[in-house]
Amino acid sequence: MSTLVSNNTEETGVRKTLSDASSASTTATSNSLRNERPSRLNSARSANTSNTSSDTAVNHAESYFLRRENRLSARRKAEEEAAINDYKKMYEKALGTNQRLKSRLETSKQELSVIQDQLQRAQKGRPGACGSNMLDTEKKVKAELKMENQRLKDENGALIRVITKLSK
């Protein structure tokens, strides 16, 4: 157990020294890069101050914006064309649907006219068919009225008898 602890402490020490060495070299490299950056920036600033380099910078900016505008306009045109194609497809689909519905409507109208003709012929073939239903209802009403009339006659006769008995 003691050997494991001593080995661990030795390995940790070795690791610390390796990491210290790598961090030291990293900081040295980053310091040297930091020192180089200002010199590059200063040289770029001095180049921008001259007329020729400012003209090229303006030209680069203009060309950048022109390319950007071209890309955007091309994208807009592509989207518009896609939308137009979509509308064309939708229009063609709607036309097809309308044609199909019109043909179905025509067939339905033809079937309706055939059925109406058959109905008219059937009614002409039996002139009393519709009248027979009315006659049946009239007969029923007439029978009910006769029964009511007979009941009232009977009641009237009974009342006359009662009155005659009371008057004696």
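In the UniProt record, an unreviewed entry, the feature "domain: cGMP-dependent protein kinase interacting" is placed at residues 135-168; UniProt positions follow the numbering used here, feature names are shortened, and annotations may be inferred rather than shown by experiment. The structure is a predicted model, in which local features need pLDDT of at least 70 and side-chain atom pairs count only at pLDDT 80 or more, whereas totals for chains, interfaces and linings use all residues. Residues are numbered from 1 along each chain as its sequence is written, and side-chain values use heavy atoms, with hydrogens and water left out.

The protein contains 3 helices and 0 strands, so that its elements, read from the N terminus, follow the order α-α-α; helices (H or I, at least four residues) and strands (E, at least two) are DSSP runs, numbered from the N terminus. Within the annotated span, residues 135-168, helix accounts for 97% and strand for 0%, and the end C-alpha atoms are separated by 50 Å.

Of the 168 residues in the protein, 1% are buried, where buried means under 20% relative accessible area, exposed over 50%, and partly exposed in between (1.4 Å probe, protein chains only). The exposed area of the protein is about 15500 Å², of which carbon and sulfur atoms supply 58%; accessible areas come from the Shrake-Rupley method with a 1.4 Å probe, and for residues only the protein chains shown count as cover.

The average pLDDT, the predictor's confidence in each residue on a scale from 0 to 100, is 75 for the protein, and 64% of the residues score at least 70. Over residues 1-7 the pLDDT stays under 50, and the model has 0 contacts (heavy atoms within 4.5 Å) beyond four places in sequence for this stretch. Residues 14-19 likewise have pLDDT below 50, with 0 contacts in the model beyond near neighbours in sequence. Where pLDDT is low, the predicted coordinates should not be read in detail.

The count of salt bridges, each defined as a side-chain nitrogen of Lys or Arg within 4 Å of a carboxyl oxygen of Asp or Glu, comes to 2. Arg151 is paired with Glu148, with the closest N and O atoms 2.6 Å apart, and also with Glu155, for which the corresponding separation is 3.4 Å. Arg151 and Glu148 both lie in helix H3 (residues 128-167), 3 residues apart, or about one turn of the helix, while Arg151 and Glu155, also both in helix H3, are 4 residues apart, again about one turn. Glu148, Arg151 and Glu155 are thereby linked in a network of salt bridges. Arg151 is partly exposed, with a relative accessible area of 42%; Glu148 is partly exposed at 37%, and Glu155 is partly exposed at 42%.
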